[in-house]
Amino acid sequence: MEISVLQGQIQKQRSPALVVNLFQGARPGGATKAVDQALGGLISAALASGDFKGNNNELLLLYPGKNLRGFAARRVLVVGLGKQGEFTPEIARQAAGTAARRLQELGVEEGATALHGSGAGGLDPEAAAQALAEASILSCYRFDHYRSGDQGGKELKALRVVESDAAKLGAIRRGLRAGSTIAAATCLARDLGNHPGNVATPSYLAGVARRLARQQGLRCQVIDRRGMEKLGMGALLGVAQGSAEPPRLIVLEHNKEAGGRPLVFVGKGVTFDSGGISLKPGDKMEEMKFDMCGAAAVLGAMQAVASLKVPRYVVGLVAATENLPDGRAFKPGDILKTLTGKTIEIVNTDAEGRLILADTLGYARRFQPAGVVDLATLTGACVVALGSHASGMMGNSEKLAEAVRRAGEHTHERVWPLPLWDEHREQIKSDYADMKNTGGRPAGASTGAALLAEFADQYPWVHLDIAGTAWETQTRPYVPKGCVGLGVRLLVQLARSWKGGGF
Ligand code: BES
Ligand code: MN
Ligand code: ZN
């Protein structure tokens, strides 16, 4: 979708559809008022009838007909913004997403829109434009690579923001560019997540990383089995042992020239998690193709950070493998030696994410990071604790956690703190090794993080457990079912707001 800005008056646009907005209980103002007047009061009439109230995400679709002189648009779509006093950037995103999806469903291929929230809503035009671009693109996302035949659905190809105030055009253009770039990166992450496990293998992810590097000027290194052996990554190799697909550790570096300590993103990339010898039950096992959504978020974020030329040193690390049962697979009771030398007793081969992250967090030491944020679909326990509206956050740095929390508020990818205490470390003590890979059912998200903490001990670190947030089973205003691309926008916001220096 191409999103551009044009100076002009929206009611004069010749377009298959105009989109304007309305606060609940308010009279039409700004662009909406101008359109209402040009329509001879059609919007006011709908309000007076009580049929349309301007509730959040409520839509009113009008067909002006040919009798209105000077009105050249075929449709007018009014989207509700809810109560003015409760307005947020997230409501602007939802409104833009709801409207864009409706246009696409109608088969409309191009539209003209007002900028939601920058008038009475009080959003700064750059932020409003970013929100509009992000949500319009994200809401129209479809994944039909594997459906044969004609899908029939037309694509909303172009959206023009119409703004009367020339002074705002520069800011709007900047916001649209950032929003479009970040949304494209989120769609890349969604694609990676939605592709099935037989396509999105560890080597496939490595191929995507290499392509990104070529296109965006990132440095890329892919470490294979032999490289992992040399590095002593016994935990990642242990998980990979039962799979015929070779594992990959992907290293992407952006703007190393900026110097200083980097911000490092780490993603769990288990391209299919069967549980291994501790096999999962069959019900919903197909969803475990999404067990690489952390990796997808990191790859998406690196694309956006590079494309936006964020003036900071940022590193992306992705640990990619399958977790399958096999005659050669690792087993409960096995003891694995990690890159840092610490040993882990395997109690349950289904707690594999923390194993591959242990080696990757150990590997991150060599970058002397200013901060490390890992994203992982790590525990079912986190889904039980927080459901799908917040990711679990644990770590060792209040300052980095606060920065991550803020970024998540900004993008509405909310995080919520869970404890990480010495008692959780106690739970993973082993009789045979330095630690064991599960601490039983109680506080499962925290004991998972406690294992990671053993390897993230040399830098500020935050762990996001995205098991409940990474994919959706129900469509939301700008999030279709399937992989959400969760974390891309948060990580990019974190990198863009980071002033450099320590956390
Ligand atoms: N990938 C799963 C976690 C998961 C489960 C994510 C459901 C999303 C939905 C992870 O590898 C796993 O299997 N964790 C185990 C850990 C347990 C064995 C300590 C779990 O949560 O059951
Ligand atoms: Mn597992
Ligand atoms: Zn897993």
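**Two metal sites and the surrounding sheets**

In this predicted model, the manganese ion (ligand 2) has protein donors from Asp273 (OD), Asp350 (O), Asp350 (OD) and Glu352 (OE), at distances of 2.0 to 2.2 Å. Along the chain, these donors show the spacing D-x76-D-x1-E. The site has six donor atoms, and the angles among them run from 70 to 167°; its arrangement is irregular. Asp273 belongs to strand β9 (residues 263–273), while Glu352 is in the loop between β12 (343–345) and α10 (353–364), so the pair ties together parts that are 79 residues apart in sequence. Asp273 is buried, its relative accessible area being 3%. Glu352 is also buried, at 0% relative accessibility.

The zinc ion (ligand 3) is coordinated by Lys268 (NZ), Asp273 (OD), Asp291 (OD) and Glu352 (OE), with distances of 2.0 to 2.4 Å. For this ion, the donor spacing is K-x4-D-x17-D-x60-E. Angles of 78 to 176° are subtended by the six donor atoms around the zinc ion (ligand 3), and the arrangement is therefore octahedral. For six octahedral donors, the ideal angles are 90 or 180 degrees. The zinc ion (ligand 3) lies 3.2 Å from the manganese ion (ligand 2), and Asp273 coordinates both. Within the zinc site, Asp273 in strand β9 and Asp291 in the loop between β9 and α9 (293–307) link distant parts of the chain, 18 residues apart. Asp291 counts as buried because its relative accessibility is 1%, under the 20% limit.

Helix α10 begins after the loop that holds Glu352. The helix has twelve residues, which at 1.5 Å a residue should span 16 Å; the C-alpha atoms at its ends are 16 Å apart, in agreement with that value. Twelve of the twelve residues of α10 are buried, so the helix is largely enclosed by the rest of the structure. Among them are Gly353, Arg354, Asp359 and Tyr363.

Strand β9 is part of an open sheet of eight strands, in the order β7-β8-β10-β9-β13-β17-β14-β15 and with mixed pairing. The edges of this sheet are formed by β7 (219–223) and β15 (415–417); each has a single partner strand, so one side of each is left without a neighbour in the sheet. From one strand to the next, the twist averages 20°. Seven bridges join strand β8 (residues 248–254) to strand β10 (residues 314–323) in the antiparallel sense. In this pairing, Val251 stands opposite Leu317 in β10.

Two helices lie across strands of this sheet. Helix α9 lies across β8, β9, β10 and β13 (371–376), at about 140° to β9. Helix α12 (residues 398–411) lies across β13, β14 (391–395), β15 and β17 (461–465), at about 40° to β17.

Strand β12 belongs to an open sheet of three strands with the order β11-β12-β16, again with mixed pairing. Here β11 (335–337) and β16 (435–436) stand at the edges, and each has a single partner strand, so one side of each is left without a neighbour in the sheet. Three bridges connect β11 and β12, which pair in the antiparallel sense. Leu336 is opposite Ile344 in β12.

Notes
Residues numbered from 1 in each chain as written. Chains lettered and ligands numbered in written order. Predicted model: local features only at pLDDT ≥ 70, side-chain atom pairs only at ≥ 80, totals over all residues. Heavy atoms only, no water. Donors = N, O, S within 2.8 Å, 3.2 Å for Na, K, Ca; no water. Tetrahedral: all angles 85-135°; square planar, octahedral: opposite > 155°, others 65-115°. Helix = DSSP H or I, 4+ residues; strand = E, 2+ residues; numbered from the N terminus. Buried < 20%, exposed > 50% of the residue type's maximum accessible area, 1.4 Å probe, protein only. Expected span 1.5 Å × (residues − 1). Pairing = 2+ DSSP bridges. Axes fitted to C-alpha atoms, helices over the stretch in contact; angles between N-to-C directions. Contact = heavy atoms within 4.5 Å.
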